[in-house]
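Visitor: I'm new to this structure. Could you take me on a close look at a single part, the largest cavity and what lines it?

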Amino acid sequence: SQSRNEILGRIGTALGMKTDSITTTQIARKMLKIDGSTKVKPVLILLLDEIDVIVAETNRDTQELLEELLVWASNPSYSFALIGISNEIQLRRFKALERIAQQITFPTFRKAELTEIIKERVGTSIIDPQAVKFVAATVERNCGDARKAMAVMSEAVGKCMNSLSHEELAAGIIQEPIVKMRHVMQAVKESKLPLNEKITGLPHAAKVVLCVAMEISKVSTFHDSIPISLLKKMCNEASRQDLFEDMGMEHFADLVQQLDDAGLLLSCVPGSSINQQMLVNEDNLYDVRISIGLQLEEVECALESTLLQNRFFATMKKYVKENYPS
């Protein structure tokens, strides 16, 4: 981030002023619309990227400068406009920004957009198209940040290069595409995507449900669809904890709903959330079925880098794999 003097210097340069020992008073006088002349002054527009970082700064000089900029921007007597860019859209804690007249929220990138961005930056020949779609879908669900998508792809390319022998690299004759799904999944596992934080922040019982549901979805003849009653039964058996033995179906359904709210489980009915399915079948929750659906690989990556590092969850996963009724 730039210092107070650097920002003032840039403003002064744009106004055609000598920047040596420039002060905010001199700049303010220069930007006044009415200063005795009849010339119409052009509006000076200052663009501050990551303004949330500047607002959170505790340095007194920085806070005073921000206060001055906000005064100029909110006062129609000055030919000055301030545009602040922030990745943080919940700005209620930043009292200083309440005077900003208008807030424009740009939606995060969707899967199709991220796919095109990756193709444009990386090309379409060296990376498996399915791997590109996987990264785009994963990043869309987590944050929608194109920079994160490119960071994951860069890491995947690096892992691919490291897997090649010196002879293969020297020969330069490699069958395309060379960046495979396994490279991308390794990169996703090691990335700091918010999905990992969601999983580690779950209550213990919800972690058990997610871990068991994930493994059932891989070995089940129901494919992605899991009867909630069978899920509860397997959670009880796999965890070997009395927690699920005495737990009512409504309480268990609440745990499943937490996973639904976190975007970790999907209803097997298109366009219908797990919560909606539970409302439809509230008289008999045993009829509800859930699905991990398209999130399967994404959740698997997050689980392997979080819960499955713990022996308890790894053992539970093995139990489900060996004992789930086929």
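Guide: Here is a walk around the cavity, with a short stop at a loop afterwards. First, a word on the ground rules: this is a predicted model, where local features need pLDDT of at least 70, side-chain atom pairs count only at pLDDT 80 or more, and totals for chains, interfaces and linings use all residues. Residues are numbered from 1 along each chain as its sequence is written, and side-chain values use heavy atoms, with hydrogens and water left out.

Searching the whole structure turns up one cavity of 30 Å³ or more. A cavity here is a set of points, on a 1 Å grid over the protein atoms alone, where a 1.4 Å probe fits but cannot get out. The largest cavity holds about 60 Å³ of space, a volume being the space filled by probe spheres set on the points, which are joined across faces, edges and corners.

Who lines it? Cys211, Met214, Glu215, Lys218, Glu300, Leu303, Glu304, Leu308 and Lys317 do (lining residues have an atom within 4 Å of a point). Helix H11 (204-219) and H16 each give at least two residues to that lining, and H11 has the largest share, with four. Helices are DSSP runs (H or I, at least four residues), numbered from the N terminus.

Now for the loop: Thr306 sits between helix H16 (296-305) and helix H17 (311-323). Thr306 is buried because its relative accessible area is 16%, and buried means under 20% (1.4 Å probe, protein chains only). Beyond its neighbours within four places in sequence, Thr306 is in contact (heavy atoms within 4.5 Å) with Asn196, Ile199 and Thr200.

Notes. Buried < 20%, exposed > 50% of the residue type's maximum accessible area, 1.4 Å probe, protein only. 1 Å grid on protein atoms, 1.4 Å probe; cavity = no way out; pocket = protein on both sides within 12 Å on 5 of 7 lines; lining within 4 Å.
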